[in-house]
Amino acid sequence: MTAVRQGATSIRRTSGSSTSRDDAVKFNKDALAKIDEFQKVVATDTVDETGAQSALKAVGAACRSCHQVYRATDADDNFILKPGSLDK
């Protein structure tokens, strides 16, 4: 989850550029909030498995929201920015 958070944070740093889009910034903030919620659930001494699964699904849904708009996959199934997704 640390790697996912670092990736989302790096996206947030670039989203402040002149090419930022309000919806992308919102997607990013939502994803970071869901990551924080998940980390709180699993940071307890006794992890609630159902709660952890639910929080993890929320992280996936938050990531997917942005990926559906701004991401595509290359020939090796790596996520890439959709062509033109940063154009205003």
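Reader: What covers the buried residues of H3?

Author: In this predicted model, the buried residues of H3 include Gly51, Ala55, Val59 and Cys66. Their cover includes strand E1 (71–73), strand E2 (79–81) and helix H2 (22–42).

Reader: On the same side of H3 or not on one side: where do the buried residues lie, and what arc do they cover?

Author: The residues concerned are Gly51, Ala52, Ala55, Val59, Ala62, Cys66 and Tyr70. They are on the same side of H3, because the arc they cover around the axis is only 110 degrees.

Reader: Which residues are exposed on the other side of H3?

Author: Exposed here requires over 50% relative accessible area. On the side of H3 across from the buried residues, those exposed are Glu49, Thr50, Lys57 and Gln68.

Reader: How many Å does H3 reach from its first C-alpha to its last?

Author: H3 spans residues 49–70, which gives 22 residues. At 1.5 Å a residue the expected reach is 32 Å, and the helix comes close to that, at 32 Å.

Reader: Where in the protein is confidence lowest, and where is it highest?

Author: The average pLDDT of the protein is 84, with 76% of the residues scoring at least 70. Helix H1 (residues 2–14) has the lowest confidence, with a mean of 60, while the highest, 95, belongs to H3.

Reader: Is Asp77 buried or exposed?

Author: Asp77 sits in the loop between E1 and E2. Its phi is positive, about 65 degrees, although the residue is not a glycine. Most residues other than glycine have a negative phi. With a relative accessibility of 60%, Asp77 counts as exposed.

Definitions and conventions:
Residues numbered from 1 in each chain as written. Predicted model: local features only at pLDDT ≥ 70, side-chain atom pairs only at ≥ 80, totals over all residues. Heavy atoms only, no water. Helix = DSSP H or I, 4+ residues; strand = E, 2+ residues; numbered from the N terminus. Expected span 1.5 Å × (residues − 1). Buried < 20%, exposed > 50% of the residue type's maximum accessible area, 1.4 Å probe, protein only. Arc of directions from axis to C-beta. Contact = heavy atoms within 4.5 Å. pLDDT = per-residue confidence, 0-100.
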